[in-house]
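Q: Please take a close look at one part of this model and describe it in detail. I would like to know how that part is put together and what lies around it.

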Amino acid sequence: MEPESLYNLLQTPGKVDPPAEEELSQGEKRKFLPPTSRNNPKFEELQKVLMDWINTELLPEHIVVRSLEEDIFDGLILHHLFQKLSGLKLDVEEIALTAASQRRKLTAVLESVDQSLQVEELQAKWSVESIFSKDLLATLHLLVALAKRFQPDLPLPTNVQVEVITMEHTKSGLKSEKSVEQLTECGTDKDQPSKDVFDELFKLAPEKVNAVKEAIVKFVNQELDRLGLSVQNLDTQFADGVILLLLIGQLEGFFLHLKEFYLTPSSPAEMLHNVTLALELLKEEGLLSYPVNPEDIVNKDAKSTLRILYSLFRKHKLKDKLDGGPQRSPK
């Protein structure tokens, strides 16, 4: 392939240009993603799902990832994420400011990660060098492996494949070769969450959605009345997580200290913290039978909001009818 055509193929707006021949040592190979691969919708979706997952996990530590390509390389995010997922305490320096100390920290973190994943260094699709050099493909392979190990129910897009161009400096000059890199496995029906009643409701009987909302609003307001609160719009009033947490506390008998959540959230991150906490409480009580993404609640997704409210409605509305006695107070 001619150098000029290769340059045009690989150049991506906002990214570092492909190396010139003199930048690659003799025999060195380097992978690049052409623009068509970077703009692949499933490739973009995979990055978004992984970023949302990391940010949800590290939200209590006020760590935010904005770019997998730029924020993972120095070992800081990986250090905190692996500790959170594995429950292990790593004996590494917290803040690494120099390139040498960052590489040293990344090496220690990856050794622990590989050991936990039971991956041999030669088998791994990532390395200290590739992660430290901000290799997006290697970073994605690593994060997908962590997700599969520690959160197998994370809804990663299936069968994500991207075309990759490998450049090699040979005696006769630059040589390029195309290949396809598989980032996630092909999906099967059992890998996907089965459709629930709300999938069918929104698809087959959308005219009944409002009737369901009215029944749940009535139930919610009966419970919130004791707190001097009321709800008129299910789609919007649960987005910040405050009423949802108060409702769960009222129904399940939880006492939530004000330090544990934001009573008046002023940013999406604070809203996400509240909703994530609420979903964790529901999971602990065995009430969340269908996976719900906290970002969907914050983004006012009606179906996701109905799912979590119906889980409470189904348990407590029936129980109240059977008991017929006085309501309990929160512990």
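A: In β3, Lys178 is the bridge partner of Ile165. The model is predicted: local features need pLDDT of at least 70, side-chain atom pairs count only at pLDDT 80 or more, and totals for chains, interfaces and linings use all residues. Residues are numbered from 1 along each chain as its sequence is written, and side-chain values use heavy atoms, with hydrogens and water left out.

The pair belongs to the contact line between two strands. Strand β2 covers residues 161-170 and is joined to β3 by 10 bridges, the two running antiparallel. Helices (H or I, at least four residues) and strands (E, at least two) are DSSP runs numbered from the N terminus, and two strands pair if DSSP finds at least two bridges between them. A hairpin of 2 residues makes the connection from β2 to β3. Further along this pairing, Glu168 stands opposite Lys175 in β3.

On its other pairing, β2 meets β1, again in the antiparallel sense, over 4 bridges. Glu168 takes part here too, with Lys29 opposite it in β2. Glu168 is thus named in both pairings: opposite Lys29 and opposite Lys175. Strands of a sheet pair through backbone hydrogen bonds, either parallel or antiparallel.

Together, the 3 strands form an open sheet in the order β1-β2-β3, with antiparallel pairing. β1 (29-32) and β3 (173-182) are the edge strands, each pairing on one side only. Neighbouring strands are turned by 25° against each other on average, direction ignored; the axes are lines fitted to C-alpha atoms, for helices over the stretch in contact, and angles run from 0 to 180 degrees between N-to-C directions. Helix α8 (residues 136-150) packs on this sheet and touches β1, β2 and β3. The direction of α8 makes about 25° with that of β3. Contact means heavy atoms within 4.5 Å.

How many residues of β2 are buried? The count is 7 of 10, so β2 is largely enclosed by the rest of the structure. Buried means under 20% relative accessible area, exposed over 50%, and partly exposed in between (1.4 Å probe, protein chains only). For the protein chain, buried residues make up 45% of 331.

The sheet also borders an enclosed space. The structure holds 1 cavity of 30 Å³ or more, and the volume of the largest cavity is about 30 Å³. A cavity is a set of points on a 1 Å grid over the protein atoms alone where a 1.4 Å probe fits but cannot get out, and lining residues have an atom within 4 Å of a point. Lys29, Thr166, Glu168, Lys175, Ser176 and Glu177 line the largest cavity. Among them are Lys29 and Glu168, which stand opposite each other in the β1 and β2 pairing. Lys175, the residue opposite Glu168 in β3, is one of the lining residues as well. β2 and β3 each supply at least two residues of this lining, and β3 gives the most, with 3 residues. By class, the lining has no nonpolar, 2 polar and 4 charged residues; Asp, Glu, Lys and Arg count as charged.

The loop that leads into α8 has a backbone feature of its own. Lys134 is found between α7 (128-132) and α8. Lys134 has a positive phi of about 65° although it is not a glycine. Is Lys134 buried, partly exposed or exposed? Lys134 is partly exposed, at a relative accessible area of 30%. His62 also has a positive phi, about 55°, without being a glycine. His62 lies in the loop between α3 (41-57) and α4 (68-71), and His62 is exposed, with a relative accessible area of 62%.

As for the setting of the sheet, the protein chain has 15 helices and 3 strands. Residues 24 or more positions apart account for 62% of the chain's contacts with a separation of 6 or more.

Key
1 Å grid on protein atoms, 1.4 Å probe; cavity = no way out; pocket = protein on both sides within 12 Å on 5 of 7 lines; lining within 4 Å. Points joined across faces, edges and corners; volume = space filled by probe spheres on them.
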